[in-house]
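Please read this report alongside the sequence and the three-dimensional view. It is written for a reader who is meeting the structure here.

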2 protein chains.
Amino acid sequence: MSCCKKNENSFNEEQLARFAKAMGHPTRIEILCFLASMDSCYFGDIHQELPIAKATVSQHLKELKEAGLIQGEIETPKVKYCINRENWEKAKTYFASFFDTLNEKTICCK
Amino acid sequence: MSCCKKNENSFNEEQLARFAKAMGHPTRIEILCFLASMDSCYFGDIHQELPIAKATVSQHLKELKEAGLIQGEIETPKVKYCINRENWEKAKTYFASFFDTLNEKTICCK
DNA sequence: AATATTGTTCGTAATTTTGCGAACAACAAA
DNA sequence: TTTGTTGTTCGCAAAATTACGAACAATATT
């Protein structure tokens, strides 16, 4: 058998880029930090923390939701948001694996 | 002394967002993975890996360089690129800290 | 039925990002 | 001096992002 094949990534590059893109805005990082510091909260609480229009907040939340990092639930008349823990762990693992690939290089079979 | 103050982040939110933004494109993730799998390589090697114009590759490299994740060095007539290890570690730590904030919540002083 | 509360969606404008070919710069080789 | 090699920069077009106010939807209250 020939030797020294490339190590397979333990993360999906497309998915990692999607997570990263969602995190690539200061306001969205702020929202994520805010949500990570509590179990859950309402839209209004998030809006109150930020110096921007509610329409803009709503848009950022939508992007974070579509990236899978948070989830929202209607609790009439409010909307409750929280971290999506399953995907949070997934993202955590992906980023960790990605940064660990440095120096790993190749593996040799046999 | 009053109690239960919020935990200070062990990462800079602005900086984290900047790292994330740079990583927020599939092509740039691909470049980073490629570079992370070796000590260094030339522009041409990177271009060869990708199905896009060299002008576009150059632009992506510029963004990664400005974000501090990679560095370039002229080795006439070629340009040698590699991971910026110092900032790579910094980014690795920032992302790890960020994802670890979940569940940490608050700390109580006595 | 009219009002109030809470967020989302729509329409719009300004800016940024992405991608390309062409032109260019720096240097080595013929 | 001309030619070739390697990448960057320029100028442009298309698309996506960011931000806002206004309008709207859903529900509860008066």
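The text below turns to the surroundings of a DNA strand and then to the nonpolar core.

This is a predicted model, in which local features need pLDDT of at least 70, side-chain atom pairs count only at pLDDT 80 or more, and totals for chains, interfaces and linings use all residues. Residues are numbered from 1 along each chain as its sequence is written, chains are lettered from A and ligands numbered from 1 in the order in which they are written, and side-chain values use heavy atoms, with hydrogens and water left out.

**Around DNA strand D**

A residue is near the strand if one of its heavy atoms lies within 4 Å of it. Among the 21 residues around DNA strand D, those that come nearest are Lys21(A), His60(A), Phe43(B), Ser58(B) and Tyr81(B). Of the strand's atoms within 4 Å of the protein, 70% belong to sugar or phosphate, and the rest to bases. Helix H4(A) supplies five residues, the largest share of this surface.

The polar contacts tabulated here are pairs of N or O atoms within 3.5 Å.

| Protein atom | Partner in DNA strand D | Distance |
|---|---|---|
| His60(A), polar side-chain atom | phosphate oxygen | 2.7 Å |
| Glu63(A), polar side-chain atom | phosphate oxygen | 3.5 Å |
| Gly44(B), polar backbone atom | phosphate oxygen | 3.0 Å |

**The nonpolar core**

A nonpolar core is a set of buried (under 20% relative accessible area, 1.4 Å probe, protein chains only) Ala, Val, Leu, Ile, Met, Phe, Trp, Tyr and Cys residues joined through side-chain atoms within 4.5 Å. The largest one has 65 residues, and Met23(A), Phe95(A) and Phe95(B) are among those that touch the most other members. Leaving aside neighbours within four places in sequence, Phe95(B) is in contact (heavy atoms within 4.5 Å) with residues including Met23(A), Phe95(A), Leu16(B) and Met23(B).

How values were computed
A polar contact is a pair of N or O atoms within 3.5 Å; within protein, one must be able to donate a hydrogen and the other to accept it, and residues adjacent in sequence count only if both atoms are side-chain atoms. Helices (H or I, at least four residues) and strands (E, at least two) are DSSP runs, numbered from the N terminus. Buried means under 20% relative accessible area, exposed over 50%, partly exposed in between (1.4 Å probe, protein chains only).
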